[in-house]
Amino acid sequence: MLRILYFAWLRDRLGRSGETLPLPQGAHSVQDLIAALRARGGEYAAIFAKPELIRVAVNQSFATIAAPIAAHDEIAFFPPVTGG
Amino acid sequence: MPRVTIRVQAEAFDSAHETALLLRGHEDVGGVAAFTGIVRGGGGLVALELEHYPGMTESMMCRIAESACARFGLVGCTVIHRVGRLAVGMPIVLVLCASAHRGAAQEATAFMMDWLKTSAPFWKREEFANGHSAWVEPRAQDEAAKARWGSLTA
């Protein structure tokens, strides 16, 4: 199972901080996963409508949407960071 | 090995206490540079709500701290970042860098803050007196400040 995490306004919009789901059929990259999530429609389609506003980490390291994913990966979606 | 301390916590920190811990047993230190970030008021801001990504945040802070130690030859450093609700005027982040000479400590402190602001997974939500709240947008000048250092591991 993939472990998917949502932070900051993505979590607010979706009303959940994360979920687990099986690797979608034919999904090999973060981009493929985003396509599968967008296909749910509603807030999922809305938050991923502008991928340039979203950052991603695979297994707690920053990644690009082209990064490969595999079953059991932890994939986090969040806005650009604003700490300090 | 440099002495590196990284913490993410809701509680306040004591800069003097952390400085004493950093220096303990290190007679080779000639200076400690310190930066304390404060929740800045204005525009009706009441508080910030700080969120992080447990695990990844600490590992990025550790990478940044270790990179600063290697790059500037630090004897040690301490980075403490608070999370949760922080009212205007409250301390939010502490960076301490200890080195033989002041230049390295001061530069390393700036380096760490520039990287922390742009690369450690923290997010701020602003809470205003009128009840409105909004997630903070990243600032282009923070990204530019980081860019002057090149890569993290240079």
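**Exercise 1. Across from R55(A)**

Find which residue of β5(A) stands opposite R55(A).

*Solution.* Before you click around: this is a predicted model, where local features need pLDDT of at least 70, side-chain atom pairs count only at pLDDT 80 or more, and totals for chains, interfaces and linings use all residues. As for bookkeeping, residues are numbered from 1 along each chain as its sequence is written, chains are lettered from A and ligands numbered from 1 in the order in which they are written, and side-chain values use heavy atoms, with hydrogens and water left out.

Step 1: pick the strands. Helices (H or I, at least four residues) and strands (E, at least two) are DSSP runs, numbered from the N terminus. Strand β3 of chain A covers residues 55-58, and β5 of chain A covers residues 74-78.

Step 2: check the pairing. Two strands pair if DSSP finds at least two bridges between them; β3(A) and β5(A) have 4, in the antiparallel sense.

Step 3: read off the partner. Opposite R55(A) in β5(A) stands F78(A).

**Exercise 2. The two sides of β5(A)**

Work out which residues of β5(A) point one way and which point the other way.

*Solution.* Step 1: recall that side chains in a regular strand alternate between the two faces of the sheet.

Step 2: sort them. E74(A), A76(A) and F78(A) go one way, while I75(A) and F77(A) go the other.

Step 3: look at the cover. Call a residue buried under 20% relative accessible area, exposed over 50%, and partly exposed in between (1.4 Å probe, protein chains only). By that rule, 5 of the 5 residues of β5(A) are buried.

**Exercise 3. The whole sheet of chain A**

Put the strands of the open sheet in chain A in order.

*Solution.* Step 1: start from β1(A), residues 2-6, which runs parallel to β5(A) over 4 bridges. I4(A) has I75(A) as its bridge partner there.

Step 2: go to the other partner of β1(A). Strand β2(A), residues 18-21, runs antiparallel to β1(A), again with 4 bridges. Here L2(A) faces L21(A), and I4(A) is bridged to E19(A).

Step 3: assemble. The 5 strands come out as β2-β1-β5-β3-β4, with mixed pairing. At the edges are β2 and β4 (61-63) of chain A, each with a single partner strand, so one side of each has no neighbour in the sheet. On average, neighbouring strands are turned by 25° against each other, direction ignored. Axes are lines fitted to C-alpha atoms, for helices over the stretch in contact, and angles run from 0 to 180 degrees between N-to-C directions.

Step 4: check β1(A) for cover. It is largely enclosed by the rest of the structure, because 4 of its 5 residues are buried.

**Exercise 4. Chain B's sheet and its helices**

Find which helices of chain B pack on its sheet, and what they touch.

*Solution.* Step 1: get the sheet. Its 4 strands lie in the order β1-β4-β6-β2, open and with mixed pairing. β1 (3-9) and β2 (31-38) of chain B are the edge strands, each pairing on one side only. The twist averages 5° from one strand to the next.

Step 2: place the helices, with contact meaning heavy atoms within 4.5 Å. Helix α2 of chain B (residues 56-72) touches β1 and β4, at about 150° to the direction of β1(B). Helix α3 of chain B (residues 102-119) touches β2, β4 and β6 (91-99), at about 145° to β6(B).

**Exercise 5. Aromatic pairs**

Classify the ring pair F7(A) and F78(A), and say which parts it ties together.

*Solution.* Step 1: set the rule. Rings of Phe, Tyr and Trp (its six-membered ring) pair if their centres lie within 6.5 Å; planes under 30 degrees apart count as stacked, over 60 as edge-to-face and the rest as tilted. Over all chains, 13 aromatic pairs turn up.

Step 2: apply it. The centres are 6.3 Å apart and the planes at 65°, so this pair is edge-to-face.

Step 3: locate the rings. F7(A) is in the loop between β1 and α1 (8-14) of chain A and F78(A) is in β5 of chain A, so the pair ties together parts 71 residues apart in sequence.

Step 4: check burial. F7(A) has a relative accessible area of 8%, and F78(A) has 0%.

Step 5: widen the view. Ring pairs link F7(A), F62(A), F78(A), Y53(B) and W123(B) into a cluster.
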